[in-house]
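Visitor: I'd like a quick walk through this one. Can we start with a single residue and work outwards?

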Amino acid sequence: MIAAMAIPAPSDALELTAVSIVPPLASNPINPPVFDGPPFDNAIWEGSAAEQIQPLIEAVPSGAPSPVMRDLTRRLLLADLPDAADPQASAALLAVRGHKLADLGLTDELAEVAAADPRILANDAIFESLIDARLLDGQDQEACVRAAPRLADPVTEHWRQMVVYCRLVTGQASRSLDAIAEMRRTGEGDPMFLALAEAAATGGQPALPDGAWRSLANPDPMLLAMLRLAGHGVSTAALRVRDPARLRAIARNPWTATRVRLEAGERAAASGALSPMELARLYLDVEFSQRERDTVLALAQRQGGPEVRALLVQAASTTSEPPQSLALRRLAIDISRAEGAALGVIQALLLPLDPGDVEATLALEAARSAYAAGDWEAADRWRQRAAEQIHHNPGLEAALANLWPLTLLGQPQGSVALEPGVLETWIQSEIEGAGEAGAYGAALSIAALQALDVIPQSAEIWHRFAVDDSRDTMTLPMASVWWRLPEAAEDRRVGETALLALIALGPGGPGQCHPVLLARILEALTAVGLHDEAQRIAAEAIWANQI
């Protein structure tokens, strides 16, 4: 049984001390990266009505595998939104803003917005999202402190479940059982949640009624928190969830099966909700059998996936031979690139490397990833390291040439003067080296560089490409998005243009964006002064389509 401790009243809520029921995943989980993009001021919404902005925020993808999309969305949502003439419309816009921040796993940003605008804490939907976000991040004590005023008179099923949860968190096991019994008497509550809560209070195993497991296919934040609190893992079915906040919570649950944790962690890292450093630590923390560790190379030859990546990282980290360690990481990266793994995954595999210690192929991969992340200085250092070794490996010339579009992205607009024939030679080498896939990547690179005015606009260059490429199919956004994007850019409605660009990129992010659509997006963002954001979107797209 859990020792009793009373929930504090709101007046002394900040004095609540931590009472740990189960050990946390780690003492200080690493926060997701926050990029250095400057905050937007309120002028970005000039010319855009609140009623126009709300549906756009709702339509922005939450789980796209793109850190730059996440960062741009974050900065847009942190700017004060315009008020609608109708108070109900203003409240709805605030709610949409809060839900989007919560879905993205931007817990601290949601709290920041709530602290700055008293209307947010008065909005039941947003306040519930804020509490759920804290639960997903494992901040149980703070969630209960913030929720205390609502728990005194819980008027909804959500808050009555929260009463059960916070009584467990604060050691009031017997009172939590009373609340569970009352919810069952009135037919309220998720049966799975109540069964887990009862087990946590009594120290027994959960007695599950028929159908209780159904909620695990789409677990809400409170159920995910209760699974963690009660010392139970999340099932494979929960991998159906798409929002980064819940995926991150699944990855951080130490009782969840290794495969489920790793897949959730990689998907969260793809969107930027889990930092590469925390993903690298997850690779090291998960447990494997001795047989799996002994047969890692044989496994890597037969299959890829998150578990093989983690095994290779563990093997690379434990070997005493530096060349062998680098070879294992190289294998993990090769497998991951062949699978189309996200940028966050590759960055996690590269994290411990130092330019002075690696061979050229790993230095090139590090350069490519740094360019994709918009870290131009680091990318140039890695690229220089690879170039220094080219006399030892003449075959690296083609690989270095493959970086050419990414190196140009870091140059100031209009500063690139190409020698005659350079562009044509590069395109031909890409087509000859990788066929249709190489041609597609080259076309996307040229489209992006022209849209950003890095290289001159030229219709003639497109004569180098075939007109019947089987890869070259196009998925368009809704017609309204396609036509509104350049119109908003022409009128310099900055915030609206950025939201439309994010919607146009879609759930697949820049890596799955067709060259024609990508160019339209980059031109619109550049037209409203968001050149740096356009540059990073282009870098992610080029990186994802390089062979």
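Visitor: Which helix is A147 found in?

Guide: Bear in mind that we're looking at a predicted model. Follow the chain to A147 and you land in helix α7.

Visitor: And is A147 buried or exposed?

Guide: Anything under 20% relative accessible area counts as buried. A147 has a relative accessible area of 0%, so A147 is buried.

Visitor: Which residues is A147 in contact with, leaving aside neighbours within four places in sequence?

Guide: One partner is M162, 15 residues along the chain from A147, with 8.2 Å between the two C-alpha atoms. The full set for A147 is F127, I131, W159 and M162.

Visitor: M162, you say. Which residues have the most contacts inside the largest nonpolar core?

Guide: That core has 183 residues. Helix α24 (residues 422-451) gives the largest share, twelve residues. Those with the most contacts inside the core are L76, M162, Y283, L409, I521 and L522.

Visitor: Pick Y283, then. What is Y283 in contact with beyond its neighbours within four places in sequence?

Guide: Contact here means heavy atoms within 4.5 Å. On that basis the partners of Y283 are L262, E266, P306, R309, A310, V313, Q314, V345, A348 and L349.

Visitor: Back to helices. Why is α11 described as largely enclosed by the rest of the structure, and what covers its buried residues?

Guide: Helix α11 (residues 221-229) has nine of its nine residues buried, so it is largely enclosed by the rest of the structure. Just after α11 comes G231, with a positive phi near 80°. The cover over the buried residues of α11 includes α6 (124-136), α7 (140-151), α8 (157-169), α10 and α12 (244-252).

Visitor: α10 again! Is α9 roughly parallel or antiparallel to α10?

Guide: The axes of α9 (residues 173-185) and α10 (residues 191-202) come within 9 Å and cross at roughly 155°. Angles over 145 degrees count as roughly antiparallel. So α9 is roughly antiparallel to α10.

Visitor: Which residues meet there, and is the crossing left-handed or right-handed?

Guide: From α9 you get A173, S176, L177, I180, M183 and R184. They meet L194, A195, A197, E198, A201 and T202 in α10. As for hand, the crossing of α9 and α10 is left-handed.

Visitor: Now zoom out: how many helices and strands does the protein chain come to?

Guide: The chain has 547 residues, of which 54% count as buried. Among contacts with a separation of 6 or more, 67% join residues 24 or more positions apart. The secondary structure comes to 28 helices and zero strands.

Methods: Residues numbered from 1 in each chain as written. Predicted model: local features only at pLDDT ≥ 70, side-chain atom pairs only at ≥ 80, totals over all residues. Heavy atoms only, no water. Core = buried A, V, L, I, M, F, W, Y, C linked by side-chain atoms within 4.5 Å. Buried < 20%, exposed > 50% of the residue type's maximum accessible area, 1.4 Å probe, protein only. Helix = DSSP H or I, 4+ residues; strand = E, 2+ residues; numbered from the N terminus. Axes fitted to C-alpha atoms, helices over the stretch in contact; angles between N-to-C directions. Parallel < 35°, antiparallel > 145°, perpendicular 65-115°, else oblique. Left-handed = near helix turned anticlockwise from the far one by under 90°.
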